[in-house]
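User: Could you take a close look at one small part of this model for me? I would like to see how a single residue sits in its surroundings, and then how that fits into the whole chain.

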Amino acid sequence: MKVLSNIKTVALKVWRSQALKYTVVCLVGVLIVGFLDENSVMSHLKNRQRISELEDEIEKYNADFRRDQSQIRELDRNPKAMEKIARERYFMKTDDEDIFVLSDDDRAPKPIVTNETAE
């Protein structure tokens with residue numbers, strides 16, 4: 001029993017000290033704000049990653065925009081470019097032409113299915 005009473009008296013002396021109380025309160029506050037709050041360290045890391053992804057996406061869209069703008073300028077300047085796009089993308093043709101669309105798909109031919117059964 002003497003050991004328990006000594007531990008109890010030491011714990012009470014430590015708990016009554018002002019420095020320990022302030023230290024415990026500060027540590028608990030830092031833990032709550034650092035990990036459990038909506039502005040925690042983890043949310044900041046996630047936000048930075050999301051910002052990086054969005055910046056990459058913005059760069060991609062800006063590149064697409066510049067490419068499309070150059071195509072629009074080319075279409076405005078050159079009527080042959082419009083004819084080329086109409087022929088390639090939309091398979092348009094003049095009256096004296098025939099269009100053959102060749103596919104380079106690597107599809108295997110479908111097997112012939114018969115519904116005959118041998119008895």
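Analyst: Happy to. Let's begin with Ser43, which has a relative accessible area of 18%. Because buried means under 20% relative accessible area, Ser43 counts as buried. Please keep in mind that this is a predicted model.

Where does Ser43 sit along the chain? Ser43 belongs to helix α3, the element that covers residues 41-77. The side chain of Ser43 has a polar atom placed 2.8 Å from the backbone oxygen of Ser40.

Ser40 also leads us to another residue, Val33. Both Asn39 and Ser40 are touched by Val33, leaving aside residues up to four places away in sequence. Val33 itself is part of helix α2, which spans residues 18-36. Is Val33 buried, partly exposed or exposed? With a relative accessibility of 48%, Val33 is partly exposed. So Ser40 is touched by Val33 of helix α2, and the backbone oxygen of Ser40 lies 2.8 Å from a side-chain polar atom of Ser43.

Now for the wider setting. The protein chain is built with four helices and zero strands, and its elements follow the order α-α-α-α from the N terminus on. Of its 119 residues, 4% count as buried, and Ser43 is a buried residue. The accessible surface of the protein chain amounts to about 11,900 Å², and carbon and sulfur atoms account for 60% of that surface.

Methods
Residues numbered from 1 in each chain as written. Predicted model: local features only at pLDDT ≥ 70, side-chain atom pairs only at ≥ 80, totals over all residues. Heavy atoms only, no water. Helix = DSSP H or I, 4+ residues; strand = E, 2+ residues; numbered from the N terminus. Buried < 20%, exposed > 50% of the residue type's maximum accessible area, 1.4 Å probe, protein only. Areas by Shrake-Rupley, 256 points an atom, 1.4 Å probe, with all protein chains shown as cover. Polar contact = N/O pair within 3.5 Å; in protein donor to acceptor, adjacent residues only side chain to side chain. Contact = heavy atoms within 4.5 Å.
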